[in-house]
Amino acid sequence: MPAQPRKRRKARPIWERGFKSHGYWLGKEKLGAVTLESDAPPEAKYRWQAGTHAGVTATLAEAKRAVEAAVLLGTSQLPLFAAEH
């Protein structure tokens, strides 16, 4: 009996650390980013942005979760004004 071929796993996005920022990448496509605000108040230290969603949070973990949620929402939700064929 021949060996079964391996199934390829779906590519998953990864976090990449940069200077005063973190990027959320899927291959060569940047899905979102978190930047550190140097002169921001403590309750709004990190600014995040993913697609058309953006916001501020106090911790890096909260900002990363917000980016991941926005990316997941954007990929699972159908576009509202998509051209119909």
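What share of the contacts in the protein chain with a separation of 6 or more comes from residues 24 or more positions apart? The share is 16%. The model is a predicted one. The protein chain holds one helix and five strands. Read from the N terminus, its elements follow the pattern β-β-β-β-β-α.

**Whole chain**
- The protein chain has 85 residues, and 21% of them are buried.
- Its accessible surface is about 7500 Å².
- Carbon and sulfur atoms account for 55% of that surface.

**Sheet layout**
- The five strands make an open sheet.
- Their order in the sheet is S1-S2-S3-S4-S5, with antiparallel pairing.
- S1 and S5 are the edge strands, and each of them pairs on one side only.
- Strand S5 covers residues 53-57.
- On average, neighbouring strands in this sheet are turned by 20° against each other, with direction ignored.

**S1 and S2**
- S1 spans residues 14-18, and S2 spans residues 21-26.
- The two strands run antiparallel and are joined by five bridges.
- Glu16 faces Gly23 of S2 across this pairing.
- S1 and S2 form a hairpin, with two residues between the strands.
- Lys20 lies in the turn of this hairpin and has a positive phi of about 60°.

**S2 and S3**
- S3 takes in residues 29-36.
- S2 and S3 also pair in the antiparallel sense, over six bridges.
- His22 has Val34 in S3 as its bridge partner.

**Arg17**
- Arg17 belongs to strand S1, which is an edge strand of the sheet.
- Is Arg17 buried or exposed? Arg17 counts as exposed because its relative accessible area is 71%, and the cut-off for exposed is over 50%.
- Arg17 and Ala33 are 16 residues apart along the chain.
- The C-alpha atoms of Arg17 and Ala33 are separated by 9.9 Å.
- Ala33 falls within the 29-36 range of S3.

**In brief**
- The chain has five strands and then a helix, in the order β-β-β-β-β-α.
- The strands form an open antiparallel sheet, with S1 and S5 at its edges.
- S2 is joined to S1 by five bridges and to S3 by six.

Terms used:
Residues numbered from 1 in each chain as written. Predicted model: local features only at pLDDT ≥ 70, side-chain atom pairs only at ≥ 80, totals over all residues. Heavy atoms only, no water. Helix = DSSP H or I, 4+ residues; strand = E, 2+ residues; numbered from the N terminus. Buried < 20%, exposed > 50% of the residue type's maximum accessible area, 1.4 Å probe, protein only. Pairing = 2+ DSSP bridges. Axes fitted to C-alpha atoms, helices over the stretch in contact; angles between N-to-C directions. Contact = heavy atoms within 4.5 Å. Areas by Shrake-Rupley, 256 points an atom, 1.4 Å probe, with all protein chains shown as cover.
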